[in-house]
Amino acid sequence: MTRQLFIITGASRGMGAAIAEQLLAGPDRTLLGISRRTNDALAAKAQAVGAACEQWTMDLAEPLGVASRLQAWLDDLDGEDFAAASLINNAGMLTRIGALEHCTSEELSAALRAGLEAPLLLTAAFLRATASWPGERRVLNISSGLGRRAMAGQATYCAAKAGMDHLSRAVALDQAELAHGATIVSLAPGVIDTDMQVQLRSADGEGFPEQGNFVRLKEAGQLTSSRDAAARVIAYLGRTDFGASPVADVRDA
Ligand SMILES: NC(=O)c1ccc[n+]([C@@H]2O[C@H](COP(=O)([O-])OP(=O)(O)OC[C@H]3O[C@@H](n4cnc5c(N)ncnc54)[C@H](OP(=O)(O)O)[C@@H]3O)[C@@H](O)[C@H]2O)c1
């Protein structure tokens, strides 16, 4: 029993794509990616190394269907085949940048469902379906410094990440009550050179007083590459003391 299972949301681009690519390290890996688009490079990497890779094109803003599909998919696997199973809730979504009231109700609802309801439902489905699996089970929620420090212009994102942090604290307490509970961490990954940063830098400055900070971070070369950020996140996921602190920052590791 040496196989490792990884489920990762937001594997189509950005840091999630880099994490998924690095997790596909050999034939003992099984990876499921969930995003609205597929990532051809991942399929090619999986084929090259002989790993199993599946990609679902689904919108996490409609999370009930994704969670029930994940539960059914896991129920069909034999948990005895896996030495370890991990769920990485990586996908994240900004709203239009500006004050809360300038976004439509539809935009706000979609961002909160993708950013908080989806990780919650996927975590529940994963814990339920793998409860009797003999291997180690880990949930890694990709949070943000903005879950811990509020920022104008992105209230929904801040709320989703703060919710993700507290969700992880509470689930860690649930799991600690079990004989073979899973471990869970909500991890801030640093500031990474992805589309999300482009969105922040190119926003209209109105209602977004910190926009200049994002421009300066890029100009000063202070963004971490997706590849380096992914390596740090994977190293964190592999720590022997994973879960000791349910809310963490990769920069403190
Ligand atoms: N970049 C940073 O500086 C930074 C800092 C702190 C925390 N983070 C967090 O790190 C994680 C990765 O961020 P990133 O910078 O790599 O973001 P990104 O470049 O914007 O990529 C986001 C990923 O999430 C997927 N996604 C977004 N909305 C989705 C939806 N409704 N349904 C399904 N998939 C969806 C996207 O795939 P599709 O478009 O194909 O659906 C994409 O794969 C996020 O949780 C983010 O909040 C990032």
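In this structure, G14, M15, A18, I19, Q22 and L23 of helix 1 meet S226, R227, A229, A230, A231, V233 and I234 of helix 8. Contact here requires C-beta atoms, placed from the backbone, to lie within 7 Å. By class, this contact of helix 1 with helix 8 holds nine nonpolar, three polar and one charged residue; Ala, Val, Leu, Ile, Met, Phe, Trp, Tyr, Cys and Pro count as nonpolar, Asp, Glu, Lys and Arg as charged, and the others, Gly among them, as polar. The model is a predicted one, in which local features need pLDDT of at least 70 and side-chain atom pairs count only at pLDDT 80 or more, while totals for chains, interfaces and linings use all residues. Residues are numbered from 1 along each chain as its sequence is written.

The axes of helix 1 and helix 8 come within 8 Å and cross at roughly 60 degrees. Axes are lines fitted to C-alpha atoms, for helices over the stretch in contact, with angles running from 0 to 180 degrees between N-to-C directions. Helix 1 and helix 8 are therefore oblique to each other; angles under 35 degrees count as roughly parallel, over 145 as roughly antiparallel, 65 to 115 as roughly perpendicular and the rest as oblique. Their crossing is right-handed, meaning that the near helix is turned clockwise from the far one by less than a right angle, whereas an anticlockwise turn would make it left-handed. Helices (H or I, at least four residues) and strands (E, at least two) are DSSP runs, numbered from the N terminus.

Helix 1 (residues 14-23) is largely enclosed by the rest of the structure, because nine of its ten residues are buried. A residue is buried if 20 or more other C-beta atoms lie within 10 Å of its own, exposed if 12 or fewer, and partly exposed in between. The buried residues of helix 1 pack against several elements, including strand 1 (3-9), strand 2 (29-35) and helix 8 (226-237). One of them is I19, which touches I8, I88, N90, A230, V233 and I234, leaving aside residues up to four places away in sequence.

I19 also appears in the largest nonpolar core, where I19, A20, L31 and L122 touch the most other members among 60 residues. Helix 4 gives this core its largest share, eight residues. A nonpolar core is a set of buried Ala, Val, Leu, Ile, Met, Phe, Trp, Tyr and Cys residues joined through C-beta atoms within 7 Å.

Helix 4 (residues 105-129) also packs with helix 5 (residues 155-176), at an angle of about 15 degrees and with axes 9 Å apart. The two helices are therefore roughly parallel to each other, and their crossing is right-handed. Residues of this contact include L108, A111 and L112 of helix 4 and T156, Y157 and A159 of helix 5. Twelve of the contact residues are nonpolar, four are polar and none is charged.

With helix 3, the axis of helix 4 comes within 9 Å and crosses at roughly 20 degrees, so this pair is likewise roughly parallel. The crossing of helix 3 and helix 4 is right-handed. Among the residues that meet are P63, L64 and V66 in helix 3 and R113, E117 and A118 in helix 4. This contact has twelve nonpolar, one polar and four charged residues. Helix 3 (residues 63-75) also contains G65, which is exposed, with 11 other C-beta atoms within 10 Å.

Note on methods:
Two residues are in contact if their C-beta atoms, placed from the backbone, lie within 7 Å.
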